Amino acid sequence: MVDSPTAFVQKYYIQWIVATLLLSLYMCLFYGLYVPNWEFQSPSLTLSTNGPHTQIVHCGVRGSLEPPCNAVGYIDGYFLGEQHLYRHPVYRRTKDCSVNSPDFGPLPPHSPEWCLAPFDPEGILSSLMAVLTCIVGLHFGHILLHHKCQMHRVVLWSMSSFALLFSGFVLQLLGIPFSKPLYTLSYMCITAGASGLFLTIIFYIVDVKHFRKPVVLLHWMGMNALIIYALAACDIFPAAVQGFYWRSPENNLVDGLESLLQSVLHSSKWGTLVFVLLEILFWCLVGGFLHMKGIYIKL
């Protein structure tokens with residue numbers, strides 16, 4: 001029985017011990033592991049060079065958060081091997097590595113050698129923080145399980161969310177950057193806290209105040225979340241649509257609509273934002289159509 005805060009802690013203290021051990025392991029490796037000089041096979045970008053050639057990245061540091069010399073990339077390269085890492089990492093969009101920054105583009109003159117190096121944002125070390133995120137989500141689920149009063153859930157979720165958000169911003173001020181590719185502790189705290197806060201707000205609107213109509217689109221999407229995730233987030237459906245084009249691959253419906261919105265709004269950023277919002281609306285309506293037909297795809 002969990003009928004008090006003490007009983008709640010006693011029931012689940014083991015999972016927080018595991019979380020602490022995972023966090024300690026991550027931080028020790030992240031800041032304490034020595035990253036030596038390393039090399040990789042770089043693809044040829046000029047006609048004068050035939051085939052891939054070896055590039056050497058000079059590191060010899062500890063605790064670096066820069067793209068070439070962080071412990072996250074070094075551990076993945078050491079254990080997984082260069083051939084199993086992602087070939088288009090996010091740092092290919094930085095000013096050092098792209099003339100079209102913040103988008104992908106050709107390498108600028110005198111770009112550093114690591115611009116062509118592989119890097120996996122979902123590798124071994126970052127997976128430890130992903131597990132920690134899951135444990136935080138488990139905590140929210142335990143509150144839902146053991147507290148039957150709706151307002152108690154709202155209060156406890158709010159406290160947990162604000163504590164995570166506060167911790168994330170404090171960690172950022174202390175020098176731990178908000179970085180998704182490295183899956184830093186500040187990133188985990190802020191994203192988990194923001195997710196918990198949005199969960200609390202939606203729960204309060206729908207389950208406490210019973211205002212269901214404002215979120216009916218999200219309701220439809222949630223009932224077929226698996227198939228929508230597979231088709232949309234995994235780019236299966238957009239890739240299939242992009243396969244049909246007029247004369248050149250760039251002249252397809254997906255890229256054409258995004259370009260049209262960017263032209264109408266005279267802004268690539270606002271045009272892309274509106275395109276993404278329309279895409280979300282489209283999949284909500286797809287979820288609604290499946291719901292009306294009584295089709296629910298799940299495991």
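**A nonpolar core and a nonpolar surface patch**

With a relative accessibility of 40%, L273 counts as partly exposed, because that class lies between buried (under 20% relative accessible area) and exposed (over 50%), using a 1.4 Å probe and protein chains only. The model is predicted, so local features need pLDDT of at least 70 and side-chain atom pairs count only at pLDDT 80 or more, while totals for chains, interfaces and linings use all residues. Residues are numbered from 1 along each chain as its sequence is written, and side-chain values use heavy atoms, with hydrogens and water left out.

L273 is found in helix 10; helices here are DSSP runs of H or I with at least four residues, numbered from the N terminus. The 25 residues of helix 10 should span 36 Å at 1.5 Å a residue, which agrees with the 36 Å between its end C-alpha atoms; the expected span is 1.5 Å times one less than the number of residues.

What does helix 10 bury? Its buried residues are G271, F275, W283, C284, G287, G288 and L290. These pack against helix 6 (216–223), helix 7 (225–233), helix 8 (236–242) and helix 9, where contact means heavy atoms within 4.5 Å.

L273 also belongs to a nonpolar surface patch of about 830 Å², together with L257, L260, V264, L265, W270, V276, L277 and I280. Such a patch joins nonpolar side chains (Val, Leu, Ile, Met, Phe, Trp, Tyr) within 5 Å, from residues with over 30% relative accessible area and no salt bridge, that is, no side-chain nitrogen of Lys or Arg within 4 Å of a carboxyl oxygen of Asp or Glu. Areas come from the Shrake-Rupley method with a 1.4 Å probe. Helix 9 (253–265) and helix 10 (268–292) each give two or more residues to the patch, and the largest share, 5 residues, comes from helix 10.

Turning to the interior, the largest nonpolar core has 43 residues, and L125, M129 and M188 have the most contacts inside it. A core is a set of buried Ala, Val, Leu, Ile, Met, Phe, Trp, Tyr and Cys residues joined through side-chain atoms within 4.5 Å. Among the elements giving two or more residues to this core are helix 1 (5–32), helix 3 (124–146) and helix 5 (185–208); helix 3 provides the largest share, 8 residues. Leaving out residues up to four places away in sequence, M129 touches L23, Y26, Y183, T184, L185 and M188.

P121 lies in the loop between helix 2 and helix 3 and, at 25% relative accessibility, counts as partly exposed.

Technical notes: Patch = residues over 30% accessible without salt bridge, like charges linked within 9 Å, V, L, I, M, F, W, Y side chains within 5 Å.
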